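Here is a protein chain to explore. Have a look at the structure first, then follow along as we walk through some of its parts.

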Amino acid sequence: MADLVLVTDAAGFTGSHVVEHLLKAGYRVRGVAEPQAIVSLRAAYLVYGDRFEAVGVADLDHDDLTNVFRDINAIILSTLPLVKGHAMNTANLIMESGSSGTRHVLEHARAANVKRVIHTGSFANVLHPDDSWNPIVVTEDDWNSQTQEDCKTLGLHPWCLQTAARVIAERELWKFSDANPDIDVTSILPGFQFGPYGRGQATDLQRTGTFAWISALLHGPPGRPMTPNAPPFSPNYVHVADVARAHVAALRTGPLDPPRRKRVLLVAGYMLWHEVIAHLTEAMPEIKERLPSAMCGPGPQAMAYARLETKNAREILGIEDYKSWRDAIEDAVRDLLRVDSNMLRPQA
């Protein structure tokens, strides 16, 4: 019988793509999501029959997960929730999720005798936001220096708060790995992910993550600026499908010889928004009038940004070729147009 893989945040952007790639690769999957998402999540994967099951968990950081982990061979621990504000109570909850919440899930994995853990982090685990536009090379050996104390800074950008929480979560992962050397651990650190919605992902009017940027391409007054490349945002990208296949590859890798941490940066390349707008104007002329001004954000002279080395993706996971940013953006735009159209269609 095929291995049973537990995927947290199975109704999220990354998690939903990971689930489908696992199912296509022949694995059985138990997807974890908030209870209110379970009905739609189950319906989305009916085509895979009994190889997919959905489990509702109200609080992954504190609930008893004994039954959730029953018969599991591996876990894919997805990213933390998006930060939706500057309030200090929000910051404290996010930090708790990164530290004690991560420990809580990993201890249940150990108790269930799970032998493989794959953690989904972010390129920001190695790159401090302040260095996004510095001409440096960053590798899998580097760490973002943000700490829990940094998150108490008033006015900290929500994205910076989230990156700090992700750093804390990954440090907990490696503490766990050091204490449990019999469990195979991989940390995948993708760049900004673009692409279509995943099967089973919620597609309401709330645009979060990179879909907020895609929405900004399509909605707003003529001549508006488009400036998400401004600091602290690194101009890197990766197609979500490449991230999903990296998780499948990680499940198939064994211990390294000589032993070292399987910490994998997954960045396909770099793009600036004036390039994106110019490309879409030619490739999708039907949306030309909806696009922002191409005179936006850093121009061609702004080439001084941090480069992320992806050596471990090649050597550990065997990933060398990636989808282009043109494919990633077009896939996201077309799917958002589809979703918008469905939402505007009168209900029967």
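## A walk through the chain

Val 267 has a relative accessibility of 5%, so it counts as buried. Keep in mind that this is a predicted model, and the values here are computed from it.

Where does Val 267 lie? You'll find Val 267 in the loop between S10 and S11. Which residues does Val 267 contact, once its neighbours within four places in sequence are set aside? They are Phe 123, Gly 191, Asn 236, Tyr 237, Leu 308, Thr 310 and Tyr 322. Another residue to look for is Arg 307: it sits 40 residues from Val 267 along the chain, and 9.3 Å separates the two C-alpha atoms.

**The chain as a whole**

Let's zoom out. The chain has nine helices and 12 strands. It is 348 residues long, and 55% of those residues are buried. If you take the contacts with a separation of 6 or more, 80% of them link residues 24 or more positions apart. The chain exposes about 15,600 Å², with carbon and sulfur atoms supplying 52% of that area.

**Strands side by side**

Now for some strands. S2 (residues 28-33) and S3 (residues 52-56) run parallel, joined by five bridges. To get from S2 to S3, the chain passes through helix H2 (residues 38-44), and this β-α-β crossover is right-handed. If you want one pair to look for, try Gly 31, whose bridge partner in S3 is Ala 54.

There's also an open sheet of three strands, in the order S8-S9-S11, with mixed pairing. Strand S8 (193-194) and strand S11 (269-270) are at the edges with a single partner strand each, so one side of each has no neighbour in the sheet. S8 pairs with strand S9 (residues 236-239) in the parallel sense, over two bridges. In that pairing, Gln 193 has Val 238 as its bridge partner in S9.

**Inside the helices**

Is helix H5 (residues 210-218) largely enclosed or left open? Seven of its nine residues are buried, so H5 is largely enclosed by the rest of the structure. Among the buried ones are Phe 211, Trp 213, Ile 214 and Leu 217. After H5 comes Gly 220, with a positive phi near 140°.

Helix H3 (residues 88-111) has a residue worth a look too: Thr 102. With a relative accessible area of 6%, Thr 102 is buried, because the cut-off for that label is under 20%. Not counting residues up to four places away in sequence, Thr 102 touches Leu 77, Ser 97, Ala 169 and Glu 172.

**Backbone oddities**

Two aspartates share a backbone feature, and the table puts them next to each other.

| Residue | Phi | Relative accessibility | Loop |
|---|---|---|---|
| Asp 9 | near 55° | 36% (partly exposed) | between strand S1 (4-7) and helix H1 (13-24) |
| Asp 71 | about 70° | 59% (exposed) | between S3 and strand S4 (74-77) |

Asp 9 has a positive phi and is a residue other than glycine. Asp 71 also has a positive phi, although it is not a glycine. As for the labels, Asp 71 counts as exposed because its 59% is over the 50% cut-off, whereas Asp 9 at 36% counts as partly exposed.

What kind of peptide bond joins Asp 257 and Pro 258? The bond is cis, and omega is about 0°. Pro 258 lies in the loop between helix H6 (240-251) and strand S10 (262-266).

**A pocket to finish**

Last stop: the second largest pocket, which has a volume of about 300 Å³. It is lined by 14 residues, and the closest to its centre are Ser 177, Pro 181, Ile 183, Asp 184 and Arg 260. Which elements each supply at least two residues of the lining? Those are helix H4 (158-179) and strand S7 (184-190). H4 gives the largest share of the lining, with three residues.

Conventions. Residues numbered from 1 in each chain as written. Predicted model: local features only at pLDDT ≥ 70, side-chain atom pairs only at ≥ 80, totals over all residues. Heavy atoms only, no water. Pairing = 2+ DSSP bridges. Helix = DSSP H or I, 4+ residues; strand = E, 2+ residues; numbered from the N terminus. Right-handed = clockwise from strand over helix to strand, strands pointing away. Buried < 20%, exposed > 50% of the residue type's maximum accessible area, 1.4 Å probe, protein only. Contact = heavy atoms within 4.5 Å. Areas by Shrake-Rupley, 256 points an atom, 1.4 Å probe, with all protein chains shown as cover. 1 Å grid on protein atoms, 1.4 Å probe; cavity = no way out; pocket = protein on both sides within 12 Å on 5 of 7 lines; lining within 4 Å. Points joined across faces, edges and corners; volume = space filled by probe spheres on them.
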